Amino acid sequence: MSWGWPESVDIYLSQRLALVRVGSTPPLALSYSPTLPLAVVLERLTAAAFSSKSRRRFRITLSSGVAPACAYRVPREVTRWSEKLELARAAAAQSLAIQPELVDCQIDSRGRGFAAAMAVQTSRQLHAWAASLGARVVSIQPLWSIATQCRAAATSAIDAVVVLEPDGGSILVRPIGQAPAIARALAWGEAAAVRSEAVAIAQEAGVKEERMLSLGFGATMNEINATFPKSWARHWCKP
């Protein structure tokens, strides 16, 4: 019988890169083709990082390619949380091009009009994979959500947040006046080109470049910036 506390494991999953950090050890990085099925990616992670079953707590972070940001609009007469969730689910289903009942959706508790979405099948795969290793998933969160909650983003001087990841990125523009929130996926490519696309989207929404926060994320370890997200702190940078 084991009397120790469950070991914490942080996992980042994108369509091109996975990071696994067990406890305080340096993370393992695994690169792969974006066409590789999730089941195969998880098999490779198991072989590379988990040689045996053990009591573990998995904290999973998903890229915007796996769990994209969706924006939704709530009419003034809609006040119930369940009704807001259904509106967000419908918007997410349209974004993912699947039926609403096949979407696992969570809405922004701050009421900014953003929702995190992924296929129910993806969520089931992740939980089943963890269980097969004797582990338990304690959280699943998109990277873009983590980025929008950091100190650098949580200021009235910032109207838009751009997150650049190994498989693309996201731009999120907060509601301004009567204008609704905007969430757009950014296609994978050279960082400068992707950021230029984000600037164009922000300017179209009336946001000046100086009111944008751009954050990069990847396998490279960087100096910690106290205003950037604390989760995966050494993997954030200014692109």
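A crossing of two helices is right-handed if the near helix is turned clockwise from the far one by less than a right angle, and left-handed if anticlockwise. That term is needed at the first stop of this tour, which goes through a predicted model.

**Stop 1: α1 and α3**

Select residues 38–49, helix α1, together with residues 120–132, helix α3. Their axes lie 11 Å apart and make an angle of about 20°. Angles under 35 degrees count as roughly parallel, and α1 and α3 are therefore described as roughly parallel to each other. The crossing of α1 past α3 is right-handed.

Now show the side chains where the two helices meet. On the α1 side, pick Leu38, Ala39, Leu42, Leu45 and Thr46; on the α3 side, pick Thr122, Gln125, Leu126 and Trp129. Sorted by class, this contact holds six nonpolar and three polar residues, with no charged ones.

**Stop 2: β6 and β7**

Move to strand β6, residues 103–107. Val103, Cys105 and Ile107 make up its covered face, while Asp104 and Gln106 make up the uncovered one. Add residues 114–119, strand β7: β6 and β7 run antiparallel and are joined by five bridges. To find the register, centre on Ile107, which has Ala115 of β7 opposite.

**Stop 3: the five-stranded sheet**

Next, display the open sheet with strand order β11-β10-β9-β12-β13, in which the pairing is mixed. At its edges are β11 (182–186) and β13 (236–237), each paired on one side only.

Start inside the sheet with β12, residues 212–217. Which residues of β12 point one way, and which the other? Met212, Ser214 and Gly216 point to one side, Leu213, Leu215 and Phe217 to the other, and all are buried. In other words, six of the six residues in β12 are buried.

Then look at the two neighbours of β12 in the strand order. With β9 the pairing is parallel, over five bridges; Leu164 has Gly216 of β12 as its bridge partner. With β13 the strands run antiparallel and two bridges join them; here Phe217 stands opposite Trp236.

**Stop 4: α5 over the sheet**

Finally, select residues 191–204, helix α5. Which strands does α5 lie across? Colour β9 (160–165), β10 (168–173), β11 and β12 to see them under the helix. Relative to β11, α5 runs at about 160°. Angles over 145 degrees count as roughly antiparallel, so the directions of α5 and β11 fall in that class.

Technical notes:
Residues are numbered from 1 along each chain as its sequence is written. This is a predicted model: local features need pLDDT of at least 70, side-chain atom pairs count only at pLDDT 80 or more; totals for chains, interfaces and linings use all residues. Side-chain values use heavy atoms; hydrogens and water are left out. Axes are lines fitted to C-alpha atoms, for helices over the stretch in contact, and angles run from 0 to 180 degrees between N-to-C directions. Helices (H or I, at least four residues) and strands (E, at least two) are DSSP runs, numbered from the N terminus. Angles under 35 degrees count as roughly parallel, over 145 as roughly antiparallel, 65 to 115 as roughly perpendicular and the rest as oblique. Contact means heavy atoms within 4.5 Å. Ala, Val, Leu, Ile, Met, Phe, Trp, Tyr, Cys and Pro count as nonpolar, Asp, Glu, Lys and Arg as charged, and the others, Gly among them, as polar. Buried means under 20% relative accessible area, exposed over 50%, partly exposed in between (1.4 Å probe, protein chains only). Two strands pair if DSSP finds at least two bridges between them.
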